[in-house]
Amino acid sequence: MVKLILKSLVSALALVLLALSVAASPTSQASASPAVAPCATLTLSASPSVVPVGGTAMVSASITNCSTVSEVVSLDASIGTGCTDGFFYSIPVALAAGQTRAISAPFRAPNCPGAVTIQLTAHSGSTLLDSKSASFTIQSGFGPGLSSLPGSK
């Protein structure tokens, strides 16, 4: 069951990556002085930092082409927990000069208490462009100060 739920988390992560690669997401021009290709910057966040089993964490990511020319960047993502093997996805993302693509997706916390770590890496060939990680903790239990259902012993 945990493996099935984690696969659904990875599927959601794959959708985030796919959306970054093909969706017409909000586009902006880089404000810092432009760099020569290849150049990409990432953001990645997960909120809240603690999620109950069955709760939802929102994961947000963006990629910006910080160069003055269009480029295709390889975007790698992995997700890992202490309960099962990690998962890995890699896709190409085409970006116009200065373009930013952003996406947010909900992740339902499986019955697998502990840390969930998401790693996002952008590279062009063998050149590492940027890498970010985000994590949240899945907490078991029935709520603050409760270790069992009311009325049970």
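Welcome! The protein in your viewer has one helix and eight strands, and the model is a predicted one. Colour the chain from its N terminus and follow the elements: they run α-β-β-β-β-β-β-β-β.

**Stop 1: the whole chain**

Switch on the surface for a moment. The accessible surface of the protein comes to about 8000 Å², and 60% of that area belongs to carbon and sulfur atoms. Of the 153 residues, 39% count as buried. If you display contacts, take those with a separation of 6 or more: residues 24 or more positions apart account for 73% of them.

**Stop 2: the open sheet**

Go back to the cartoon and select residues 40–47 and 100–108, which are β1 and β6, then add residues 56–65 for β3. Here you have an open sheet of three strands, with antiparallel pairing and the order β1-β3-β6. Why is one side of β1 and of β6 left without a neighbour in the sheet? Both stand at the edges and each has a single partner strand, so one side stays free of a neighbour in the sheet. Direction ignored, neighbouring strands of this sheet are turned by 10 degrees against each other on average.

Now keep just β1 and β3 in view. These two pair in the antiparallel sense over eight bridges. To find one of the partnerships, click on Ser47, whose bridge partner in β3 is Met58.

**Stop 3: Leu44**

Stay in strand β1 and select Leu44. Is this residue buried or exposed? Its relative accessibility is 15%, and because buried means under 20%, Leu44 counts as buried. Show what surrounds the residue: leaving aside neighbours within four places in sequence, Leu44 is in contact with Val59, Ser60, Ala61, Ile118, Leu120, Lys132, Ser133 and Ala134. Try a distance label on the last of these: the C-alpha atoms of Leu44 and Ala134 are separated by 6.2 Å, although the two residues are 90 residues apart along the chain.

**Stop 4: β4 and its partners**

Next, select residues 71–81 for β4 and residues 87–95 for β5. The two strands form a hairpin with five residues between them, and their antiparallel pairing extends over nine bridges. Which residue of β5 is the bridge partner of Ser74? Click across from Ser74 and you will find Pro92.

Finally, add residues 114–124, which make up β7. This strand also pairs with β4 in the antiparallel sense, over eight bridges. Look for Thr81 and its bridge partner in β7, Val116, to end the tour.

Terms used. Residues are numbered from 1 along each chain as its sequence is written. This is a predicted model: local features need pLDDT of at least 70, side-chain atom pairs count only at pLDDT 80 or more; totals for chains, interfaces and linings use all residues. Side-chain values use heavy atoms; hydrogens and water are left out. Two strands pair if DSSP finds at least two bridges between them. Helices (H or I, at least four residues) and strands (E, at least two) are DSSP runs, numbered from the N terminus. Axes are lines fitted to C-alpha atoms, for helices over the stretch in contact, and angles run from 0 to 180 degrees between N-to-C directions. Buried means under 20% relative accessible area, exposed over 50%, partly exposed in between (1.4 Å probe, protein chains only). Contact means heavy atoms within 4.5 Å. Accessible areas come from the Shrake-Rupley method with a 1.4 Å probe; for residues, only the protein chains shown count as cover.
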